[in-house]
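Reader: I would like to take a close look at one single part of this molecule and learn how it sits among its neighbours. Could you lead me through it slowly, explaining each term as you go?

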Amino acid sequence: RAHGQSMDMFQYSNTYDNERTKPSKLSMMVQVNSFDMKLWASFVVSVVLVYFLVSEGGFGALTVLASSARTFGFAILNLKIWITKSAVGVSVKSLQMYSLVFFC
């Protein structure tokens, strides 16, 4: 590489010879986030199963769904931090606000 050049995502995406071999933004996003998508898909399937098999279908099911989604989101966040051993991209201020809401 020449002085001052870095291989970032923009430069990498322009190294393809023609537009046919260049992966689309959607396919790149799916490849990067496939683990998250599988986790959320399994969550949705389990919620639908619980809703139809256990719940009576009342309004209370919505509040349980909302709290379950929030808990599942935090579980995924903890899992990603634990796997990568890094908290890059996690806002400290938002975590402080959540802890204030949940523990006060």
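Author: Helices here are DSSP runs of H or I with at least four residues, strands are runs of E with at least two, and both are numbered from the N terminus. This is a predicted model, in which local features need pLDDT of at least 70 and side-chain atom pairs count only at pLDDT 80 or more, while totals for chains, interfaces and linings use all residues. Residues are numbered from 1 along each chain as its sequence is written, and side-chain values use heavy atoms, with hydrogens and water left out.

The protein chain has five helices and zero strands, and the part to look at closely is helix α4, which covers residues 60-84. The expected span of a helix is 1.5 Å times one less than its number of residues, so the 25 residues of α4 should span 36 Å, and this agrees with its end C-alpha atoms, which lie 36 Å apart.

Consider next what is hidden from the surface, where buried means under 20% relative accessible area, exposed over 50%, and partly exposed in between, using a 1.4 Å probe and protein chains only. Buried residues make up 6% of the 104 residues in the protein chain, and within α4 Ala61, Phe72 and Ile76 are buried. Their cover includes helix α3, residues 34-53.

The pairing of α3 with α4 can be described by axes, which are lines fitted to C-alpha atoms, for helices over the stretch in contact, with angles from 0 to 180 degrees between N-to-C directions. The axes of these two helices come within 11 Å and cross at roughly 155°, which makes α3 roughly antiparallel to α4, since angles over 145 degrees count as roughly antiparallel, under 35 as roughly parallel, 65 to 115 as roughly perpendicular and the rest as oblique. Contact means heavy atoms within 4.5 Å, and among the residues that make this contact are Asp36 and Tyr51 of α3, together with Ala61, Ile76 and Lys80 of α4.

Two residues of α3 show the pairing in detail. Aspartate 36 is buried, with a relative accessible area of 16%, and, leaving aside its neighbours within four places in sequence, aspartate 36 touches Ile76 and Lys80. Tyrosine 51 is partly exposed, with a relative accessible area of 35%, and, with the same neighbours left aside, tyrosine 51 is in contact with Gly57 and Ala61. Although tyrosine 51 and alanine 61 are ten residues apart in sequence, they are 7.4 Å apart in space, C-alpha to C-alpha.

At its other end, α4 is followed by lysine 85, which is placed in the loop between α4 and α5. Phi of lysine 85 is near 55°, a positive value in a residue other than glycine, and lysine 85 is exposed, with a relative accessible area of 68%.

Beyond that loop comes helix α5, residues 92-103, which packs against α4 at an angle of about 135°, with the axes 14 Å apart, and the two helices are therefore oblique to each other. The contact is made by Arg70, Phe74 and Leu77 of α4 and by Leu95, Tyr98 and Phe102 of α5.
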